[in-house]
Amino acid sequence: MTAEGRTTRVRPLLARLARFTGRTLCGEWHAIVADPVRRLARRGLSGLLLAFVAAFGVVFFHHIAQHPTGALWVERLGGVRAELPLWLSLLRTPVSLYVPALHLPVWAGITQLFLAFALAELALGRARTLVIAYATTLAGTLTARLMIALGPGWWGFGLPPEAGQVLDTGPSAAVVGLFTYLSVVRRAPVVFTLTGGSMVWESIAVPNLAGREHLIAVAAASVLGVLHGRGERIRAAVRSLRPARRRPRHTPPPTPTPPAHVPGPTPTTDRPGSTHAKVSAPFLER
């Protein structure tokens, strides 16, 4: 085959690829950027309440942790470790979202944190944003406890007991979960690839507890995104699996009985010998 023939066959493929890429990028721009910006213009700064609260909370706890007494209180309120009792970890998990990790720069992650919560709040609403952020963080925390309980081995899934002493705090899992959930719900494959691919690269380059929790957050957010909008189908499927209840046999209604006849007072007649007849007798004799 000549060079001109190969060029003739390649050009339509490149044109299709260019059109597909353009449509994908245009759709993601409208879904991830344009639509939230329109909602922000309509709602004003009140639509960024969660983003401001999250950013302020991280800065606040970071400032307090710079002092010894403040660091002690931050540890007591939001310090989560796998070696702690489960009830205590669950109690501290909501606060741990605002406690920055010690090995990560705080100011570098504020932009990602603000952007993730801002886009999620504008696109999903406050309630769902909080649910996704907490669910992905909790999934990473509980899975870390499972990996430590399994111990080393298990095809690289388990972790040594020393990992239970690592401080497991920070909003990174929530940020990763929100970006992943948004990309699945809004059908943004580029954002999903960037988010998931960066987490996979992080877990390979730095195989620590945080990298594994980020992968768990990506998986949990992906499942929640796939299940989005399918609640009625799931409930219908669950109802179809339940055994059918036996209907009671139809019994005819009882026949109403007619009321019993109550005899009324017997009318008085002027019979001979009655009181009325005796009273009227003298008048008849006259």
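Select P160 in this predicted model: P160 sits in the loop that joins α6 to α7. P160 is partly exposed, with a relative accessible area of 32%. Leaving aside residues up to four places away in sequence, P160 touches I148 and P152. Now add A149, eleven residues from P160 along the chain; the two C-alpha atoms are separated by 8.5 Å.

Next, select residues 126-150, which make up helix α6. Helix α6 has 25 residues and reaches 36 Å from its first C-alpha to its last, close to the 36 Å expected at 1.5 Å a residue. Just after α6 comes G151, which has a positive phi, near 85 degrees.

Zoom out to the whole chain. There are eleven helices and zero strands. Of its 286 residues, 33% count as buried. Among contacts between residues at least 6 apart in sequence, 73% join residues at least 24 apart. The accessible surface comes to about 19500 Å², and carbon and sulfur atoms account for 67% of that.

Now go inside, to the largest nonpolar core.

- Select L113, F117, L124, L178 and L182: of the 28 residues in this core, these touch the most other members.
- Colour α2 (49-64), α5 (106-124), α6 and α7 (172-185), each of which supplies at least two residues of the core. The largest share, ten residues, comes from α5.
- Centre on L113 and show its surroundings: L113 touches A54, A55, V58, P171 and V175, not counting residues up to four places away in sequence.
- For a second, separate core of six residues, select M147, I148, A163 and L209, which are among its members.

Nonpolar side chains tend to be buried together in soluble globular proteins.

Move to V99, in the loop between α4 (86-96) and α5. Is V99 buried or exposed? V99 counts as buried, because its relative accessibility is 6% and the cut-off for buried is under 20%. Not counting residues up to four places away in sequence, V99 touches F61, V74, G78, T169, G170 and P171. From V99 to P171 is 72 residues in sequence, but 7.5 Å in space, C-alpha to C-alpha.

For the surface, select L14, L17 and F20. These three form a nonpolar patch with about 320 Å² of accessible area together. L14 belongs to helix α1 (residues 3-43), and L14 is exposed at a relative accessible area of 52%.

The last stop is the charged side chains. The structure holds five salt bridges. Side chains of opposite charge can pair when their charged atoms come close.

Select D35 and R39, whose side chains meet in a salt bridge (3.3 Å, N to O). Both residues lie in helix α1, four residues apart, about one turn of the helix. Residues three or four places apart in an α-helix point the same way, because there are 3.6 residues a turn. D35 counts as buried at 16% relative accessibility, whereas R39 is partly exposed at 26%.

Which residue in the loop between α7 and α8 (189-205) pairs with D35? Select R186: D35 forms a salt bridge with R186, the closest N and O atoms being 3.2 Å apart. This pair links distant parts of the chain, 151 residues apart, and both D35 and R186 are buried. Add R38 to the selection, since D35, R38, R39 and R186 are linked in a network of salt bridges.

Finish with R126 and E121, whose side chains meet in a salt bridge at 2.9 Å, N to O. R126 is partly exposed, with a relative accessible area of 34%, while E121 counts as buried at 0%.

Notes:
Residues are numbered from 1 along each chain as its sequence is written. This is a predicted model: local features need pLDDT of at least 70, side-chain atom pairs count only at pLDDT 80 or more; totals for chains, interfaces and linings use all residues. Side-chain values use heavy atoms; hydrogens and water are left out. The expected span of a helix is 1.5 Å times one less than its number of residues. Buried means under 20% relative accessible area, exposed over 50%, partly exposed in between (1.4 Å probe, protein chains only). Contact means heavy atoms within 4.5 Å. Accessible areas come from the Shrake-Rupley method with a 1.4 Å probe; for residues, only the protein chains shown count as cover. A nonpolar core is a set of buried Ala, Val, Leu, Ile, Met, Phe, Trp, Tyr and Cys residues joined through side-chain atoms within 4.5 Å. Patches are made of residues with over 30% relative accessible area and no salt bridge: like charges are joined within 9 Å, nonpolar side chains (Val, Leu, Ile, Met, Phe, Trp, Tyr) within 5 Å. A salt bridge is a side-chain nitrogen of Lys or Arg within 4 Å of a carboxyl oxygen of Asp or Glu.
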